[in-house]
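Okay, thanks everyone, I'll keep this short. Let me put the structure up and then walk you through it.

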Amino acid sequence: MINHNYEKLQGSYLFSETARRTAAFQQAHPDRNLIKLGIGDVTLPLAPAVTEAMHRAVDEMGRAETFHGYAPEQGYEFLRSVIAKHDYQDRGCDISADEIFVSDGAKCDCGNTQEMFSGDVHIAVCDPVYPVYLDTNVMAGRTGEYDGATGRYAGVTYMPCTLENGFVPQIPEKMPELVYLCFPNNPTGAAIRKEELQKWVDAANRSGSILLYDAAYEAYITEEGIPHTIYECDGAKTCAIEFRSFSKNAGFTGVRLGFTVVPKELKRDGASLRDMWFRRQGTKYNGTPYIVQKAGEAVYTPDGQKQIKEQVAYYMENAAVIREGLISCGYQACGGVNSPYIWMKTPSGMTSWEFFDYLLDHAGVIGTPGSGFGPSGEGYFRLTAFGSHESTKEAVERIRKM
Ligand SMILES: Cc1ncc(COP(=O)(O)O)c(C=O)c1O
């Protein structure tokens, strides 16, 4: 009666185990002040332009003349058109408002889009990986059993991302039907150059594969030549779906807003993926709240843009402090230039978990073991830039003295 694929899932070991070890350490050392650089959540409050727009929207909802009931399933036109213009057309990408689907965040969309594909398609994921792409396909039965020895599910193409390949995977010789890519990447912090991404687009167009491109960290790109959207690449509209989020650029992790782009040109087996997603959302999703979409619209106002850019810059100052601090102490560290994540090699051949304990014990700093994101994450460790300036500087000073 039940979906036995759920039994293949591995427990959410990573964050429960880091929490367990942290709590045990704190209990044994109640006087030690711990600094958390493992958090993947933002810490700065919502920008004033956003909260003011939300207040106005709440007042509208309280008056009969301006009350809004169910929101359109695809999202209000006022938000979709500003997204299309600002995030795509102004960058020279021909994406229109009717190819944008507003949602309650990228996680749901990353998880739900796989429903449009048949149960027997093959998937490829980066290794290490944001677990949602993999786990949702496990639930849907697109993988075999998990092998504890290799840390892999049978039937999945894992694309290792390591120091050697600059954390940008090799294009598989045989492209599976669905390929998940995430740039700038969580957890490695790596970005992909436009000419490299173009190769993926060309490969997908040749093989008929679909790229599921997660650009949740687009706002952290600081370097030239790094694409802000996959649609900067020629031909991406016939092979790519893009996920975007307001969580990390505007602090909406607790507000919930994102969107997915499904171009009209994207067709397989004679079916329009855009029309399928429209139907799916209309059937299963009842729209993102008006108040939240008004908050999202405010992100694109001049004040909103200025304020959210200041927030991203604040986190990126932390990223630079961590990255440069680690490098100056002799660690191999990357990321933190186009992303809020710093991915470091553990010293002296320590495993990711050994380094977790070592860092906790010697510096009172908490990070995230890379092996928790996939077998190729073994021997790496993730630190995040979402702390305060003060605690981030203090953490780096402690690491320096270890
Ligand atoms: C790569 C990646 N995609 C998507 C998400 C989730 O975004 P949202 O908050 O919009 O659901 C996260 C959150 O950490 C993420 O790291």
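Before the ligand, a word on classes: Ala, Val, Leu, Ile, Met, Phe, Trp, Tyr, Cys and Pro go down as nonpolar, Asp, Glu, Lys and Arg as charged, and everything else, Gly included, as polar. And keep in mind that what you see is a predicted model.

So, with those classes, how does the shell around the ligand divide? We get five nonpolar residues, seven polar and two charged. That shell has 14 residues, and the closest ones are G105, K107, N186, S245 and S247. As for secondary structure, helix α4, residues 106-112, supplies the largest share, three residues.

Now let's zoom out to the whole chain. There are twelve helices and 17 strands in it. The C-alpha atoms fill a box of roughly 60 × 50 × 50 Å along the principal axes. For 402 residues you'd expect a radius of gyration near 21 Å from a compact globule, and the chain has 21 Å, so the two agree. Of those 402 residues, 46% count as buried. On contacts: if you take pairs at least 6 apart in sequence, 74% of them join residues at least 24 apart.

Next, domains. The assignment gives two stretches, 4-45 and 304-401, to domain 1, while domain 2 is 50-301. Their centres, over C-alpha atoms, are 25 Å apart. Where they touch, domain 1 puts in 34 residues and domain 2 puts in 44. On the domain 1 side, the elements giving two or more residues are α10 (302-328), β13 (333-335) and β14 (341-345). Which of them gives the most? That's α10, with six residues. By class, this side of domain 1 has 16 nonpolar, 14 polar and four charged residues.

Two of those names, β13 and β14, come back in a sheet. Four strands make an open, antiparallel sheet, ordered β13-β14-β17-β16. Why do β13 and β16 each have one side without a neighbour in the sheet? Because β13 and β16 (368-369) stand at the edges, and each has a single partner strand. Further in, β14 pairs with β17, residues 380-384, in the antiparallel sense over five bridges. If you want a spot to click on, W343 stands opposite R382 in β17.

So, two things to take back to your desks: the ligand shell with its seven polar residues, and the domain contact where α10 gives the most on the domain 1 side. That's me done, happy to take questions.

Definitions and conventions. Residues numbered from 1 in each chain as written. Predicted model: local features only at pLDDT ≥ 70, side-chain atom pairs only at ≥ 80, totals over all residues. Near = placed C-beta within 6 Å. Rg over C-alpha atoms; globule rule 2.2 N^0.38 Å. Buried ≥ 20, exposed ≤ 12 C-beta atoms within 10 Å, placed from the backbone. Contact = placed C-beta atoms within 7 Å. Domains from an automatic or database assignment. Pairing = 2+ DSSP bridges.
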